[in-house]
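Me: Let's go through this model by question and answer. Please keep each reply short and reasoned.

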Amino acid sequence: LDRAWREQGACVVGVGAGASLLSEHVVADGATDVHPRLGLVALEPGLGFFNRIIVDHHYCERQRLGRLLSIVAREPTLLGVGVDVKTALLVDPGRGLEVLGEGTVTVFDGRQLTYSSVRKQNAGDDPILALCNVQLNLLPAGFSFRVAQRKPPPGIFGSRIPPSLVDLVKQVVGTR
């Protein structure tokens, strides 16, 4: 599967937890909390189809804000990406991300983090983490986002994805 994707450009699709498994890191265990906390989330190796991105599914519906912010606090070089139900995130290594479906994709970027209380707490502590200068990007359907530059490209709307693939993805995520 990896060789087909990297060498032949095969499309790899995951839904829900299956989508989360496609990245280099995956949320293996984590409580639902709207506040970021130390120890809230455990990460494990994923399949590694893309790196610098960690994906959490059912994002808004299950109030997983705290999970992604906890990850970004610990690993500010990762993009924390939350994908809503009935929403697809298409990842093209050469072009970046594109959103399809009825919901949104939320992207947290911690590279410009100016303060985090992660290093000030002990593993047994459970207070809410302090985070300053985390960038929030909210991406609706039709929106594109460049991972390498961490910003939208010029002409952010207007899919360059083949219509047949868009139709297939919409069927998989249950949208029209």
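Reply: A strand here is a DSSP run of E with at least two residues, and strands are numbered from the N terminus. The model is a predicted one.

Me: Which strand holds V26?
Reply: Strand numbering starts at the N terminus. Residues 25–30 make up one such run, and V26 falls inside that range. The strand is β1.

Me: Is V26 buried or exposed?
Reply: The cut-off for buried is under 20% relative accessible area. V26 has 7% relative accessibility, so V26 counts as buried.

Me: Which residues does V26 touch, not counting those up to four places away in sequence?
Reply: One group is A42, L43, E44, P45 and G46. G48 is 22 residues from V26 along the chain, with 9.4 Å between the C-alpha atoms. The full list of touching residues is S20, L21, A42, L43, E44, P45, G46 and I54.

Me: How many helices and strands does the protein chain have?
Reply: The chain has 176 residues, and 41% of them are buried. Its secondary structure comes to four helices and 11 strands.

Me: What share of the contacts between residues at least 6 apart joins residues at least 24 apart?
Reply: A contact needs heavy atoms within 4.5 Å. The pairs counted are at least 6 apart in sequence. Of these, the share joining residues at least 24 apart is 63%.

Me: In the open sheet of three strands, which strands stand at the edges?
Reply: The strand order is β5-β6-β11, with antiparallel pairing. Each edge strand has a single partner, so one side of each is left without a neighbour in the sheet. The edges are β5 and β11.

Me: Which residue in β11 stands opposite E98?
Reply: Strand β6 covers residues 96–101. Two bridges join β6 to β11, and the two run antiparallel. Opposite E98 is S144.

Me: Which strand supplies the largest share of the largest nonpolar core?
Reply: This core has 18 residues; I53, L79, V81, L89, V105, V107 and L139 have the most contacts inside it. At least two residues come from each of β3, β4, β6 and β7. The largest share is three residues, and it comes from β4.

Me: How many residues does the other core have?
Reply: This core lies apart from the largest one. Its members include I54, Y59, L69 and F108. The count is 11 residues.

Me: Which residues are in contact with L139, leaving aside neighbours within four places in sequence?
Reply: L139 is among the residues with the most contacts inside the largest core. Its partners include V105 and V107, which are on that list too. The full set is V99, T104, V105, V107 and F145.

Me: Which loop holds K86, and what is its phi?
Reply: K86 lies between β4 (79–83) and β5 (87–92). At 39% relative accessible area, K86 is partly exposed. K86 is not a glycine, yet its phi is positive, about 60°.

Me: What is the phi of H58?
Reply: H58 sits in the loop between β3 (53–57) and α3 (65–74). H58 counts as partly exposed, at 25% relative accessibility. Its phi is positive in a residue other than glycine, near 50°.

Me: How many disulfides are there?
Reply: A pair needs its cysteine sulfur atoms within 2.5 Å. C60 is partly exposed at 44%, and C132 is partly exposed at 36%. By the distance rule, the count is zero.

Definitions and conventions
Residues are numbered from 1 along each chain as its sequence is written. This is a predicted model: local features need pLDDT of at least 70, side-chain atom pairs count only at pLDDT 80 or more; totals for chains, interfaces and linings use all residues. Side-chain values use heavy atoms; hydrogens and water are left out. Buried means under 20% relative accessible area, exposed over 50%, partly exposed in between (1.4 Å probe, protein chains only). Two strands pair if DSSP finds at least two bridges between them. A nonpolar core is a set of buried Ala, Val, Leu, Ile, Met, Phe, Trp, Tyr and Cys residues joined through side-chain atoms within 4.5 Å.
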